[in-house]
Amino acid sequence: MRKQPEILLILLAAIAVLIITTQWNKHMKTMKVALIGNEILVQRSKELTDIRAASTQQLAKELQSSFEIAKATGFAAPQIFQPVRMMIIGVSAERAKKFNYPEAIPTTILINPTLEPLGSEIVMTWEGCYSIPKMMGLVPRYNHIRYTGTTPDGKFISREATGFHAFIVQHELDHLDGFLYPMRMKDLTKFGYVEEFKNRLPPQLVAEYIN
Ligand code: NI
């Protein structure tokens with residue numbers, strides 16, 4: 001019996017796995033996120049005038065891939081050093097449950113988004129941010145909002161959102177206006193390392209803030 005073809009197949013499969021993992025690791029290492037202190041995070045980002053432009057389409061792809069690699073609930077273009085008004089949100093139903101939110105938030109890229117509070121109810125909510133690693137804080141947010149924006153394929157979106165969904169939109173849109181969540185906080189005794197808060201909060205919630 002000739003075994004060479006099988007050996008050749010195994011060898012090819014091993015080479016394929018090696019190439020894929022090397023490329024993936026390279027991708028992970030090259031993903032750089034702007035950190036608190038960087039000027040780009042405290043500036044108002046510019047409107048995107050041409051949604052169909054190749055540069056806009058390319059940025060949408062990069063933003064989505066950063067969002068996926070980070071396993072984030074939201075991400076904003078200035079965090080990947082692009083000071084333009086583009087953000088992404090999205091949470092699976094399973095993950096939303098950990099934040100006591102009953103349903104999935106569809107993965108959506110929004111260009112030139114707007115936000116309007118509906119009512120004056122303010123809720124205190126725990127937030128983290130990839131630009132402020134390993135930290136969390138209790139932030140006041142509107143409980144009920146309407147938000148709009150255009151997707152990269154030119155579709156206009158207008159949604160009402162409450163609770164966790166509304167909080168994520170406010171956090172990401174704040175990035176486009178140069179605000180980081182500690183700048184929204186009223187009580188800085190509720191700002192600190194996730195590690196230091198972990199014994200005082202539900203473990204499934206704390207797990208979501210370790211980044
Ligand atoms: Ni953030």
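User: How are the donor residues of the nickel ion spaced in sequence?

Analyst: This is a predicted model, where local features need pLDDT of at least 70, side-chain atom pairs count only at pLDDT 80 or more, and totals for chains, interfaces and linings use all residues. Residues are numbered from 1 along each chain as its sequence is written, and side-chain values use heavy atoms, with hydrogens and water left out. Donors are N, O and S atoms within 2.8 Å of the metal (3.2 Å for Na, K and Ca), and sites may look incomplete because water is not among the atoms. In sequence, the nickel donors follow the spacing C-x41-H-x3-H.

User: Which residues coordinate the nickel ion?

Analyst: The coordination distances run from 2.1 to 2.3 Å. One sulfur atom, SG, and the NE2 atoms of two histidines take part. The residues are Cys129, His171 and His175.

User: Which helix holds His171 and His175, and what separates them?

Analyst: Helices (H or I, at least four residues) and strands (E, at least two) are DSSP runs numbered from the N terminus. Both histidines lie in helix H4, residues 163–176. Because they are four residues apart there, the separation is about one helical turn.

User: Is His175 buried or exposed?

Analyst: Buried means under 20% relative accessible area, exposed over 50%, and partly exposed in between (1.4 Å probe, protein chains only). The relative accessible area of His175 is 1%, so His175 is buried.

User: Which residues have the most contacts inside the largest nonpolar core?

Analyst: A nonpolar core is a set of buried Ala, Val, Leu, Ile, Met, Phe, Trp, Tyr and Cys residues joined through side-chain atoms within 4.5 Å. The largest one has 28 residues, and its largest share, six residues, comes from H4. The residues with the most contacts inside this core are Met87 and Trp126.

User: Which residue shares a side-chain polar contact with Thr148?

Analyst: Thr148 sits in strand S6 and is buried at 13% relative accessible area. A polar contact is a pair of N or O atoms within 3.5 Å; within protein, one must be able to donate a hydrogen and the other to accept it, and residues adjacent in sequence count only if both atoms are side-chain atoms. At 2.5 Å, the partner is Thr114.

User: How many helices and strands does the protein have?

Analyst: Along the sequence, the pattern reads α-α-β-β-α-β-β-β-β-β-α-β-α-α. The secondary structure comes to six helices and eight strands.
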